[in-house]
Each structure stands twice: as C-alpha cells, then as structure tokens.
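Student: Could we go through this one together? I'd like to see how the labels get decided.
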Number of protein chains: 2
Amino acid sequence: MAKPPSKTDLRREALRDRLIDHAEALIASKGLAALKARDLAGLAGCSVGAIYTVFADLNELVMAVNGRTFRRLGAAVSASLGAREMSAQDSLITMSHAYLHFAAANTKAWRALFDLEMSQDSAVPQWYLAELAALFGLISAPLQRIFPDWPAPQIDLMTRALFSSVHGIVLLGLEKRISGVPVDRIEQMIAVVLANVTRAP
Amino acid sequence: MAKPPSKTDLRREALRDRLIDHAEALIASKGLAALKARDLAGLAGCSVGAIYTVFADLNELVMAVNGRTFRRLGAAVSASLGAREMSAQDSLITMSHAYLHFAAANTKAWRALFDLEMSQDSAVPQWYLAELAALFGLISAPLQRIFPDWPAPQIDLMTRALFSSVHGIVLLGLEKRISGVPVDRIEQMIAVVLANVTRAP
C-alpha cells in the first residue's frame, strides 16, 4: 500500500494550488509581464522563498497556469463541434471561430500561452505535449477526410500551418494592429482562408 | 526663402539621428524589452532628459526605428520579385519567402514592429500608414490578377488575411514553438497554404 501523504506533503500541495490560482488570476487581469514573485507571495500568504520550494522557477508556475488555459481552450474548441454532423470544412471553420472567441474572451491568458519562452529544445512537460497532440488531433481529423491520399507527415504539416495561419489572423486582428484584419471581420476571413485551403483537390 | 536651420536645430537633428542609430542597434541585438532610456543616453552621450527634448517618449523613438525596419522589409519583399515575369501565385509565394528570410535574419527588429503597442485607435504617423499601404499594395496586386471579379473591399480583406496567415506561420515557426511549423519546413508550408488559397476559383 502507498504511504499516505504526510502533513508536509499536504501543505506543499495546498500552497502549490494556491499559487497557481493567484498566478492565474494575475495573468488573466494584468498579463504575463505583470507577474512578480513578491506580489504572488503576498497574495498566497507565504514568503518569496516558499514559492521556490514548490516550483523550480516562475516559468514552471506559469507553465502550470498555461496548462489550465490550454485545457480550457481545448475543451472550448472541442465543444464547438457539438453533436451535429458537419462537413470537414465546416468543422475546421467552426473550431477556428471557437479559437477566436476563446482568444477574445481570455486575451491575456491566451497570450501567456505564446509569450512564455518555450523552445523545442528546452524541456516541455509530457502533459503539455499530450494537450497539444489532442488539439492538433482535432484539426488533423477533418484534414484527413478532405485529403484521404495524403501521407501522415503532410497532414501533420498542414495541421500546423493552418493552426499558425488562424493564430496569425486572430493575433493581428485582436490586437487591432493596423496591419491586421478588422476585428469584426476576423471570422469572415478565417472562413475564406480555410474554405479555400481545404477545397478538395 | 526658408530660414536656414540654426545651430540649435542642427544639434537637435544630430542628437535625434544618433539616438535612433543607438536604439536601432540595441533593439537588433537585445530586443525591444531591453531598451532603456538610461543606456541610450549613455551611448548617445547625452542626459536622459535630453532624449525627451527630441522625442515625446520612448515609443516615438521606437516608432522611428520601426520606420527604418519597415522600409528595409518593404525593400526586401519588393526586391524579391526582381525583373522576372512570374505568375500571380508565384509572386505571392516569392514575397512571403522574402518576408520569412527577412524575419529570420532580423528577428529582434522584426518582432519590435509588432511588439510595440500601437492600436488602430491611437495616432499612427502618416509615413507609417504610407509604408503599410505600399506593402499591402504588393500583396493585393497579384490577388487582383487571380480574382479579377472581386470588389476592392474583398481584395483588401484577403490581402490582410493572407498577410496575417503568413505572419502566423513565420512567427510560430521561427520561435520554434512546439505548436509551430518546424523551421526547415516553413517555406514549404507557406507555399502550400498560399497555393491553395489562391487557386483561381
């Protein structure tokens, strides 16, 4: 039988959860750049040093917050498909619009997913890779229906390219960059680009 | 006859240029976030206060640097077309690859173009809008050849959507985000997306 968690373990676990809660709220309201160890410690009622007894560094804490955001994003995109039957093209467009709406409603948390330094080379947690694979799986499934003859690496590359394209349209659009798509037409543009890319060959 | 510039005018002009030169070098080597008034003053041999006699704030200085970057970017994209005759599709792909190569070779300066806060609502200099219109003109010209029946607003929206799509592919690809396109295949993905979007209807 596994040893039951000690009081110390439970306290550490509770501190960890509390820090993630506060970091999540701070990122959602003020953005990633505003996250400071001192503020977090004050909110969580611990010393600055105590943060580093449960996280290696602030990046690891942000990764935990991003994990929550990522799961909410995945759930929103997945839920958008609903129980309706729809064409492969329509499901891609529907999911992209769900991505846009999630990004619009959770802009700062969504930006933190991409603003955190995390290269292919540095260590990325297994659970993060699993979330990512699940999200990409939602995109590649309809692509396989549209392009049944494509080998897996080609589907994979198109999956990433379409995700990046929609991300770019949403990013520049939501930031109201003058180089971007006017906000009220972001949906329309996603649909036009996706409908054209995914016309059966 | 216009009054010749006074010694004070010339000194101000020289300080302005020197500050832009140093800010440009700092952004290119360390990125926008590393730009500090104190460092700039040290490099330009002036007081911190003197910076604000020639620029309203650091944002205005960064805009001047971004103006230079923007002109270099426009020149690189424009030059990529060369004197060769090419199809409308090929010119879109060629220009996008030039965009990728410029971004890869000038990553920090290119990022500063987008990381500077600049919404549609805030004042954007006229020269910036002119540079932007010129860049978008390079994209809309081949689109008009592909879709001769489209009204101008539809061409304009597709221009912005394609720019944003290519930007997203380049951005996530160059950052080696695990969610992005593997770097060595960015070119290939741009070509696939653009070729599909711009197939004649």
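Tutor: Sure. Keep in mind that this is a predicted model. To start, the UniProt record, an unreviewed entry, places "domain: HTH tetR-type" at residues 13–73 of chain A. Over that stretch, the chain is 80% helix and 0% strand.

Student: Okay. Why does Asn196(B) count as buried?

Tutor: Check its accessibility against the cut-off. Buried means under 20% relative accessible area, and Asn196(B) is at 14%, so it counts as buried. Asn196(B) sits in helix H9 of chain B, and its contacts include Met158(A) and Arg199(A).

Student: What makes Tyr99(B) and Trp110(B) an edge-to-face pair?

Tutor: Ring centres must lie within 6.5 Å, and planes over 60 degrees apart count as edge-to-face. Here the centres are 6.1 Å apart with 80° between the planes, which fits. Tyr99(B) is in helix H5 and Trp110(B) in helix H6 of chain B.

Student: And why are Tyr99(B) and Phe163(B) called edge-to-face?

Tutor: Use the two cut-offs again. Their centres are 5.5 Å apart and their planes are at 70°, so this pair is edge-to-face too. Phe163(B) lies in helix H8 of chain B, so the pair ties together parts that are 64 residues apart in sequence.

Student: How do you know that Tyr99(B) is buried?

Tutor: Tyr99(B) is at 4% relative accessibility, so it counts as buried. At 8%, Phe163(B) counts as buried as well.

Student: What makes Arg71(A) lie over the face of Trp127(A)?

Tutor: For distance, CZ of Arg has to be within 6 Å of the ring centre. Arg71(A) is at 5.8 Å from the centre of the Trp127(A) ring.

Note on methods: Residues numbered from 1 in each chain as written. Chains lettered and ligands numbered in written order. Predicted model: local features only at pLDDT ≥ 70, side-chain atom pairs only at ≥ 80, totals over all residues. Heavy atoms only, no water. UniProt positions renumbered as here; feature names shortened; annotations may be inferred. Helix = DSSP H or I, 4+ residues; strand = E, 2+ residues; numbered from the N terminus. Buried < 20%, exposed > 50% of the residue type's maximum accessible area, 1.4 Å probe, protein only. Contact = heavy atoms within 4.5 Å. Phe/Tyr/Trp six-rings, centres within 6.5 Å; stacked < 30°, edge-to-face > 60°. Lys NZ or Arg CZ within 6 Å of the ring centre and 35° of its normal. Lists of a residue's contacts leave out its neighbours within four places in sequence.
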